[in-house]
Amino acid sequence: MVRRFIIIKGIVQGVGFRPFIYKIALDNNLYGNVYNTSKGVYVDVEGKEENIKNFICDIKYKAPVLSYIESIYVEDKKFIGYKEFKIINSKHEEGLTLISPDIGICDDCIEDIKNNLKNRRYRYPFTNCTNCGPRFSIIKGLPYDREFTTMKEFDMCNHCKEEYENPLDRRFHAEPTCCRECGPSIFLLDKHGKRIKCDDVIAKVKEYILKGNIIAVKGIGGYNIICNAKNKESIEILRKRKIRKTKPLAVMFRDDNVASKYCNLNEIELSILKSNKKPIVLLEKKNKLLPDNISFDSPCIGALLPYSPLHYLLFDNEIDSIIFTSGNISETPMIYKDKESLSKLNNIVDYYLIHNREINMPVDDSVIKVIDFKERVIRNGRGYAPLSIKKESKDEILALGAELKNTISISSRGYIFLSPYLGNMDNVGGISNLNKNIDHIKKIYDIKPKIICYDMHPNYWSNEYIKGLNLKKIGIYHHHAHIVSCMGENNIKDNVIGIAYDGAGFGEDKTIWGGEFLICNYKEFKRVSHISTFKLPGGDKATENPWRVGVSLIYKALGYEKSLVDKTSNIILKDKKDINLILAMIDKNINSPICSSIGRLFDGVSSFLGFTMKRSYEGEASIYLENLAYKFLKDNNSYKDFYRYEIIQNDEMLEIDYKKIIIGILEDIYNKKSKYEIAFKFHNTVIEFSITVAIKLREIYKINKIALSGGVFQNEILLSGISNRLKGYGFEVITHKIIPCNDSGISYGQLLIGNEKI
Ligand code: ZN
Ligand code: ZN
Ligand code: FE
């Protein structure tokens, strides 16, 4: 007989790990004990050497689905003769264990609530077990015990307690476990916050949905707003009230069969949709059976399945598709507090379906797009965040990210913790969301950062933010952070050619960059190529009104002359007076910052092809262009045509001159080519010049690795086109998967760079 002491690290708490250990200890005839510490799970076992070996094998290969083992440490100990195997309550110790994201309802729990009237949890909206349920959103501290979650308020009834204490039960130490008798409950309120008394809240809500009402639902990580996805008028009203003109709305489907009635799904998309992370997956529309005002001309629908029992209960034979959008006001963060929802959403919704379990940390729904058969995280929220990435850093570092779609990253003891998507930093809610996440991660993991990384943009919020802080400050250029975020995700350390295509980032020469080629590693970068610059008449106003950029591109391509106003207004259908004004601004250099942004180039071209309104959300004009191109691509798979362009070499800089591209597009418009073809031909052109420049850079710098980053790579045609063509030329291409390519990935890149620069 021997004794071994075993430490298991990784995601091993709140995932059914101790009962698993208990079971396999019994299976292998071992005595001793198991307990949680904040460093990991500790196991003390005695038995035959052979059996202990087997036991360790079982730990490795039979671990619970939600767990993730990073290391198993084994030590010899003096035999003391345990008489049984026990699970011991948590010990509080210094160290580190990882928080699990929130997990969507599992099949066993669905069985519990679905059919069996005798089940204690029949139709109970807070049913969960060790394999599913809320985690991150309810955890206030570690170790992961009920007393450190928002479930602390609810005393378990005897039935629940029995399950909780029975190592062989699915709910053994399921910290949020509860039932109708002892757990949280749901309530129905009218829009003024007045309680509506009724016997069956869910039945009432369904009645409202069918009647066409709009309802705020308190979910796992915050409030959502829902209505019947088959009721065009309801959707119209929702859009009006939420002031959400055109931005696509997500749809929650009853199950994957319903989803596949309206959307095309490949195997990977299906498995992600059904996974326990339950994200929004951008799927291709199959038909026009759902109202067109869900996502208008977009070829996609953002689809998701019910992820909490409460959502699950809203569906039946009559209701199989529900509009499911974040409960927020325009671009501010999702609301998660009851009071705030009552004061802010009351102009949008008719009713509230709320509950009395507090949400401690807000977390938005995640958004995923599958491109080239790989899962790409566009928004890292529920199910995906927080992300704990094993990576050594020299010190405890906090990276503040960028301005829009922000996240923060913090490093400590061999990990980088990436926060969930925090939203935009241009509003009070965004900043308070950010502070809450920083404080939470610092407190939970006991981190005291000494170094802070921030974006070099002088007008970003972070510049103010860092002013009073007594920390070492490291400013990092936006596009360097983009490329390094992609390198870090792919564990690439040598120099790469980085293609950073996005909307805007502050560059070394104090202009706005966004169509950049960098040679870089974690520590430094050199800008080696970019698209020609153009002016943004009115600065931010040009970003909001893509047609202004269109005017600027025509000005750049044709030069200033008298007939330009007429020519321009033939292409961009705007008042001549307006166009004249913008041309004058550009020509006289009035409030017209310079940029080299691909995102803006896309915006400008979209205005030639009909996008002449003010955009209503970030990226709208570029998405418009992508959608046009996508339609053409569907029927013209082998179309290879592209516009001419020039590459000009100034010293060591390659400049991609697009004047001929613009002229080519204007000619095609004049010749009445379809906007779909022009949009696709333009995409082809961007792919074409990207490849040409990459090949030239490979010759000059002898680098074959190439990283693609920046929000523009959410564009499927570009990402797929550029990466596959590059691979065809023998490049080793690295792309984003789990870290978003958009600005949600910036903080991660900043942290890696900061660590190298210390
Ligand atoms: Zn479950
Ligand atoms: Zn109970
Ligand atoms: Fe960016």
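# Reading the labels on a predicted model

Q: Which residue of β24 stands opposite I499?
A: I499 stands opposite F517 in β24, in what is a predicted model.

Q: What makes β23 and β24 a pair of strands, and in which sense do they run?
A: Two strands count as paired if at least two bridges are found between them; β23, at residues 496-506, and β24, at residues 512-520, are joined by eight bridges in the antiparallel sense, and therefore meet that requirement. Five residues lie between the two strands in their hairpin, where K510 takes a positive phi near 70 degrees.

Q: How do you know that β23 is also paired with β30, and in which sense do they run?
A: The minimum is two bridges, and four bridges join β23 to β30, at residues 705-709, the two strands running parallel. Within this pairing, S709 of β30 is the bridge partner of A500.

Q: Why is β23 described as largely enclosed?
A: A residue is called buried when its relative accessible area is under 20%, and nine of the eleven residues of β23 are buried, so the strand is largely enclosed by the rest of the structure.

Q: Why is α13 described as largely enclosed?
A: The reasoning is that of β23, since twelve of the twelve residues of α13 are buried and the helix is therefore largely enclosed by the rest of the structure. Among these buried residues are H478, H479, H480 and H482, together with E489.

Q: How does the reach of α13 stand against the expected value?
A: The expected span is 1.5 Å times one less than the number of residues, and for α13, with its twelve residues at 478-489, that gives 16 Å; the helix reaches 17 Å from its first C-alpha to its last, which is close to the expected value. Just after α13, N491 takes a positive phi of about 55 degrees.

Q: Why is I359 called buried or exposed?
A: The cut-off for buried is under 20%, and I359, at 5% relative accessibility, therefore counts as buried. I359 has its place in the loop between β14 and β15, and beyond its neighbours within four places in sequence it is in contact with S137, K218, G219, I220, G221, G222 and Y336. The C-alpha atoms of I359 and T150 are separated by 7.1 Å, although the two residues are 209 residues apart along the chain.

Q: What is noted about the phi of H173 and of F296?
A: Most residues other than glycine have a negative phi. H173 has a phi near 55 degrees, a positive value in a residue other than glycine, and F296 has a positive phi of about 45 degrees although it is not a glycine either. H173 lies in the loop between α4 and β6, whereas F296 is in the loop between β11 and β12.

Q: Why are H173 and F296 given their accessibility classes?
A: With buried set at under 20%, exposed at over 50% and partly exposed in between, H173 at 12% relative accessibility counts as buried, whereas F296 at 33% counts as partly exposed.

Q: What makes the bond from L142 to P143 cis?
A: The peptide bond from L142 to P143 has an omega near 0 degrees and is cis, in the case of a proline found in the loop between α3 and α4. Another cis peptide bond joins A385 and P386, with omega about 0 degrees, and P386 is found in the loop between β16 and β17.

Q: What makes β17 and β22 edge strands?
A: The open sheet of six strands has the order β17-β20-β19-β18-β21-β22, with mixed pairing. β17 and β22 each have a single partner strand, so one side of each is left without a neighbour in the sheet. Within this sheet, three bridges join β18 to β21, which run parallel, and the partner of A399 in β21 is C453.

Q: How is the crossing of α21 and α22 described?
A: The axes of α21 and α22 come within 10 Å and cross at roughly 35 degrees, and the crossing is right-handed. Residues of α21 including F680, V686 and I691 meet residues of α22, including I717, L718 and L726. By class, this contact has nine nonpolar, three polar and two charged residues.

Notes. Residues numbered from 1 in each chain as written. Chains lettered and ligands numbered in written order. Predicted model: local features only at pLDDT ≥ 70, side-chain atom pairs only at ≥ 80, totals over all residues. Heavy atoms only, no water. Buried < 20%, exposed > 50% of the residue type's maximum accessible area, 1.4 Å probe, protein only. Axes fitted to C-alpha atoms, helices over the stretch in contact; angles between N-to-C directions. Left-handed = near helix turned anticlockwise from the far one by under 90°. Contact = heavy atoms within 4.5 Å. Nonpolar A, V, L, I, M, F, W, Y, C, P; charged D, E, K, R; others polar.
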